Amino acid sequence: MKTIQTTKAPAAIGPYSQAVEANGFVFASGQLGINPATGEFVEGDVQAQTRQALTNARAIMNEAGLDLNNVIKTTVFLSDMANFAAMNEIYAEFFSEPYPARSAVAVKTLPKNALVEVECIAVRP
């Protein structure tokens, strides 16, 4: 098992790794819409947070020598399912066909009261 860490994504806020690689798979922890340079949420709505969360996920994949085209599964956690369409518009800017499999669920609360969190699983070609 190999730990993946980059300063181009927010540092872990607990006892976990940004990502771990095992057997050709990269498992990235959920990413929030936090700017890694400031440690604060980006200004704006769920679209702004989704864009930053996916930018953070891409930075982690890049650190692993991969990109978002290697992602085979995502899970999107929303603070409110009413934000699904807005999140989906931005999500579509980051992924292309063949799209990764995805689950999207609404949860009661997210860390730091985020509007969205995205986790990714990627595979080496």
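The following exercises, each with a worked solution, concern a predicted model.

Residues are numbered from 1 along each chain as its sequence is written, and side-chain values use heavy atoms, with hydrogens and water left out. Because the model is predicted, local features need pLDDT of at least 70 and side-chain atom pairs count only at pLDDT 80 or more, while totals for chains, interfaces and linings use all residues.

**Exercise 1. The nonpolar core**

Task: Determine which residues have the most contacts inside the largest nonpolar core, and which elements supply it.

Solution:
- Step 1. A nonpolar core is a set of buried Ala, Val, Leu, Ile, Met, Phe, Trp, Tyr and Cys residues joined through side-chain atoms within 4.5 Å. Buried means under 20% relative accessible area, exposed over 50%, and partly exposed in between (1.4 Å probe, protein chains only).
- Step 2. The largest such core has 26 residues, and Val 26 and Met 61 have the most contacts inside it.
- Step 3. At least two residues of this core come from each of strand E3, helix H1 (46-63), strand E6 (71-78), helix H2 (84-94) and strand E8 (116-123). Helices (H or I, at least four residues) and strands (E, at least two) are DSSP runs, numbered from the N terminus.
- Step 4. H1 gives the largest share, six residues.
- Step 5. Contact means heavy atoms within 4.5 Å. Leaving out residues up to four places away in sequence, Met 61 touches Val 26, Ala 28, Leu 66, Asp 67, Leu 68, Val 71, Cys 120 and Ala 122.
- Step 6. As general background, nonpolar side chains in soluble globular proteins tend to be buried together.

**Exercise 2. Two residues of helix H1**

Task: State whether Ile 60 and Gln 52 are buried or exposed, and list what they touch.

Solution:
- Step 1. Ile 60 is placed in helix H1, and it counts as buried because its relative accessibility is 0%.
- Step 2. Not counting residues up to four places away in sequence, Ile 60 touches Ile 4, Thr 6, Ala 9, Gln 18, Ala 19, Ala 28 and Gln 31.
- Step 3. Gln 52 also has its place in helix H1; its relative accessible area of 15% makes Gln 52 buried.
- Step 4. With neighbours within four places in sequence set aside, Gln 52 is in contact with Leu 32, Gly 33, Ile 34, Asn 35, Pro 36 and Val 42.

**Exercise 3. Salt bridges**

Task: Find how many salt bridges the structure holds, and locate their partners.

Solution:
- Step 1. A salt bridge is a side-chain nitrogen of Lys or Arg within 4 Å of a carboxyl oxygen of Asp or Glu. The structure holds two.
- Step 2. One joins the side chains of Arg 124 and Glu 21, at 2.7 Å from N to O. Arg 124 lies in the segment after E8 and Glu 21 in strand E2 (residues 19-22), so the pair ties together parts 103 residues apart in sequence.
- Step 3. Arg 124 is partly exposed at 30% relative accessibility, whereas Glu 21 is buried at 13%.
- Step 4. Another joins the side chains of Glu 93 and Arg 51, at 3.2 Å from N to O. Glu 93 belongs to helix H2 and Arg 51 to helix H1, 42 residues apart.
- Step 5. Glu 93 counts as exposed at 53% relative accessibility, and Arg 51 as partly exposed at 34%.

**Exercise 4. Aromatic pairs and a surface patch**

Task: Describe the geometry of the aromatic pairs, and identify the nonpolar patch that includes Phe 25.

Solution:
- Step 1. Rings of Phe, Tyr and Trp (its six-membered ring) pair if their centres lie within 6.5 Å; planes under 30 degrees apart count as stacked, over 60 as edge-to-face and the rest as tilted. There are two aromatic pairs.
- Step 2. Phe 25 and Phe 27 form a tilted pair, 6.2 Å centre to centre with 35° between the planes. Phe 25 is partly exposed at 33%, and Phe 27 is partly exposed at 40%.
- Step 3. Tyr 91 and Phe 95 form a tilted pair, 4.6 Å centre to centre with 35° between the planes. Tyr 91 is buried at 6%, as is Phe 95 at 5%.
- Step 4. Phe 25, in strand E3 (residues 25-31), forms a nonpolar surface patch with Phe 27 and Ile 72, having about 250 Å² of accessible area together. Patches are made of residues with over 30% relative accessible area and no salt bridge: like charges are joined within 9 Å, nonpolar side chains (Val, Leu, Ile, Met, Phe, Trp, Tyr) within 5 Å. Accessible areas come from the Shrake-Rupley method with a 1.4 Å probe; for residues, only the protein chains shown count as cover.
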